[in-house]
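Trainee: I am new to this structure and should be grateful for a close look at one loop residue, followed by an account of other parts of the chain. Please explain each term when you first use it.

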Amino acid sequence: MRPTVIRQSHGAALSPAAGGATPFAWEQVGRELGITPGGTVNIAQLTVDRHAASARGDQPAFRSVNADGGRRSLTYRELARLTDRFGNALKSLGVGKGDCVFVLCGRRCELYVAVLGALKVGAVVSPLFPAFGPEPIRNRMTQANGKVLVTTASAYRRKVAPIRAELPALQHVVLVDDLGAGAMPETHDWEALLQAAAEAPALVATSADDPALLHFTSGTTGMPKGALHVHGAILTHYATARLALDLRPDDVFWCTADPGWVTGMSYGIVAPLAVGVTSIVDEAEFDAVRWLSILESEGVNVWYTAPTAIRMLMKAGPPLFAGRRFPALRFVASVGEPLNAQAVWWGVDTLGLPIHDTWWQTETGGIMVANAVTDDIKPGSMGRPLPGIVARVVRQRAGETREVIETPDTVGELALEAGWPSMFRAYLGQPERYGKCFAGKLYLSGDLVRRDADGYYWFVGRRDDVIKSAGHLIGPFEVESVLMEHPAVAEAGVIGKPDALAGEAIKAFLTLRRDVAPSEALRMELLAHARRRLGAAVAPKEIAFAECLPHTRSGKIMRRLLKARELGLPEGDSSTLE
Ligand code: 6R9
């Protein structure tokens with residue numbers, strides 16, 4: 001039998017003034033970051049220029065490893081210079097404060113320069129996951145009136161050029177490579193643009209409340225919502241990097257998430273640069289052997305990864321670890337899905353370290369609940385709220401009011417007291433939906449949890465039908481909409497089906513139009529249609545034809561019932577489901 005608690009003996013990660021007392025001293029965090037009262041608060045300045053001008057200037061900010069094992073480093077000083085150039089290039093294109101710059105490319109140096117250069121000039125950056133197909137791209141860029149897109153030649157040719165006419169706000173496309181294809185009409189070449197740009201400081205004065213990042217996230221109904229974050233969010237990124245990830249300035253850090261998702265932006269870019277570490281960037285896709293080699297040969301000290309990756313490494317089995325040592329590794333953490341106790345112990349057995357689970361969401365912008373550096377770990381638990389974060393378990397009362405549950409081990413919704421720096425400030429263009437996320441001063445997370453008598457939170461499930469596949473949040477509505485575009489489809493219901501590796505796999509149930517007969521060929525055609533339109537990350541892996549789909553009285557598809565049937569579970573009393 002394994003013990004239920006793993007005792008930790010770390011020292012305090014952040015200065016005591018900021019660490020212990022409540023209310024949390026966010027001002028102290030600001031001072032550690034070098035923010036002066038009333039001065040500019042700009043993520044790019046605080047993460048890049050600040051270090052470039054210090055003794056840290058010649059340290060690599062990023063060290064990328066490509067598929068062939070080749071490496072490329074970018075120091076803080078080089079990053080400062082390149083982001084100034086790109087920032088000035090954007091200015092010359094007429095991009096200014098509040099304009100939306102989208103990035104759609106793999107993890108490569110230009111991506112980091114583009115994100116930080118755009119932030120420098122006060123533009124709002126919205127990252128797109130490279131495995132998105134044209135539909136998720138069109139949808140997100142339309143909602144945000146994307147003015148600039150930084151992408152690769154192949155992504156542009158395959159996914160954007162065919163829909164460019166549907167993106168009237170898109171004025172400039174910058175291609176980070178040309179693949180030898182020569183100039184493409186109506187695009188800018190990255191190199192040429194940077195060459196022509198001035199190297200003078202490009203920083204535009206921004207305040208803590210100015211918008212900086214836009215992350216699209218999915219709900220049960222409607223299209224993805226754009227969660228807007230401000231420059232001041234860096235306070236959370238910095239504090240949590242210290243408290244929840246134990247990041248220290250001389251560390252080599254590897255966050256395995258793609259910047260197309262919120263984890264890859266908050267903890268792949270902002271947090272590590274705020275601390276001043278060297279981040280490893282793996283340009284290739286997951287491969288168990290390769291990942292262990294990176295951990296070993298790059299001397300990674302702190303590793304932030306996801307349960308899906310851990311499950312894949314667990315599956316690869318002990319032979320993979322034979323003869324490997326990770327003497328540099330000091331701290332391992334995970335986010336995105338539940339991390340079960342076995343995975344925590346697997347870390348102890350194979351890496352020599354337990355895995356620290358952390359919980360947060362696109363809306364929270366940074367880690368809120370964690371098995372923090374200074375805390376004992378309860379394997380299987382998400383941990384406790386970090387300093388500065390007040391969490392509650394609530395249940396809905398009549399109407400919109402919520403009752404706080406004080407009794408330990410009672411299931412309710414996880415809620416957070418509003419006001420932490422990285423809290424989202426809007427759902428773009430949807431004030432009503434934003435308002436619905438709050439009950440008084442409490443932000444309602446939509447996750448069901450229980451809190452034990454020691455104050456540790458345990459994940460129970462989600463309140464809605466949103467799917468988590470390989471750590472990525474996917475809205476069933478977005479998938480259903482694309483399936484229903486197909487002339488053979490009458491109705492679609494999409495669910496997450498338990499999957500040993502991905503956590504959940506996307507499965508669609510379809511009814512067909514009256515004159516269409518189900519066939520294997522049609523199923524393949526529909527799978528291909530979804531993959532073409534949505535991209536591999538969002539498309540269903542499985543399609544089943546049904547005679548009819550279950551509906552609520554108000555006519556909505558009851559995904560919960562589809563799921564219960566799929567799992568062979570009791571269907572329960574669903575007559576009141578709205
Ligand atoms: C950062 C990120 C948020 C949802 C969240 C919850 C699930 C995240 C978790 C976890 C169990 C954890 N989630 N961390 N579930 N244990 N440690 O993942 O953001 O993509 O917005 O997803 O992910 O359901 O509500 P996002």
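Mentor: Let us begin with D177. Leaving aside neighbours within four places in sequence, D177 is in contact with R108, T152 and A153, where contact means heavy atoms within 4.5 Å. This is a predicted model, in which local features need pLDDT of at least 70 and side-chain atom pairs count only at pLDDT 80 or more, whereas totals for chains, interfaces and linings use all residues. Residues are numbered from 1 along each chain as its sequence is written, and side-chain values use heavy atoms, with hydrogens and water left out.

D177 lies in the loop between strands β6 (172–175) and β7 (188–189). The names of such elements follow DSSP runs numbered from the N terminus: helices are H or I runs of at least four residues, and strands are E runs of at least two. D177 has a relative accessible area of 15%, so it is buried; buried means under 20%, exposed over 50%, and partly exposed in between, with a 1.4 Å probe and protein chains only. The side chain of D177 reaches the backbone nitrogen of A153 at 2.8 Å. This is a polar contact, that is, a pair of N or O atoms within 3.5 Å; within protein, one must be able to donate a hydrogen and the other to accept it, and residues adjacent in sequence count only if both atoms are side-chain atoms.

From this loop we may turn to the nonpolar cores. A nonpolar core is a set of buried Ala, Val, Leu, Ile, Met, Phe, Trp, Tyr and Cys residues joined through side-chain atoms within 4.5 Å. The largest one has 103 residues, and V150 and Y304 touch the most other members. A second, separate core has 47 residues, with F102, V173, M184 and V538 among them.

Helix α9 offers a further view of the interior. A239 lies in this helix, and its relative accessibility of 1% is why it counts as buried. H237 is also placed in α9 and, at 2% relative accessible area, is buried. Beyond four places in sequence, H237 is in contact with S266, Y267, V270, A271 and G365.

The same helix (residues 234–243) gives the largest share of the lining of the largest cavity, namely 4 residues. A cavity is a set of points, on a 1 Å grid over the protein atoms alone, where a 1.4 Å probe fits but cannot get out, and lining residues have an atom within 4 Å of a point. Grid points are joined across faces, edges and corners, and the volume is the space filled by probe spheres set on the points. The search of the whole structure finds 1 cavity of 30 Å³ or more, and the largest has a volume of about 30 Å³. Its lining consists of W26, T236, A239, T240, L243, I367, L386, P387 and I389. By class, 7 of these are nonpolar, 2 are polar and none is charged. In this scheme, Ala, Val, Leu, Ile, Met, Phe, Trp, Tyr, Cys and Pro are nonpolar, Asp, Glu, Lys and Arg are charged, and the others, Gly among them, are polar.

After α9 comes a matter of backbone geometry. Most residues other than glycine have a negative phi. D246, in the loop between α9 and β10 (252–255), has a positive phi of about 60 degrees although it is not a glycine. At 3% relative accessibility, D246 is buried. A470, in the loop between β24 (467–469) and β25 (472–474), likewise has a positive phi, near 50 degrees, but it is partly exposed at 32% relative accessibility.

Helix α11 (residues 288–297) also has buried residues, namely A288, R290, W291, L292, I294 and L295. These pack against β1 (60–65), β10, β11 (278–282), β12 (302–305) and α12 (307–316). G299, whose phi is positive and near 65 degrees, follows α11.

Finally, consider L522, in helix α16 (residues 520–534). L522 is buried at 9% relative accessibility. Not counting residues up to four places away in sequence, L522 touches H486, A488, L512, V516, A517 and F545. L522 and A488 are 34 residues apart in sequence, and their C-alpha atoms are 8.5 Å apart in space.

Note on methods
On a 1 Å grid over the protein atoms alone, a cavity is a set of points where a 1.4 Å probe fits but cannot get out, and a pocket is an open set with protein on both sides within 12 Å along at least five of seven lines; lining residues have an atom within 4 Å of a point.
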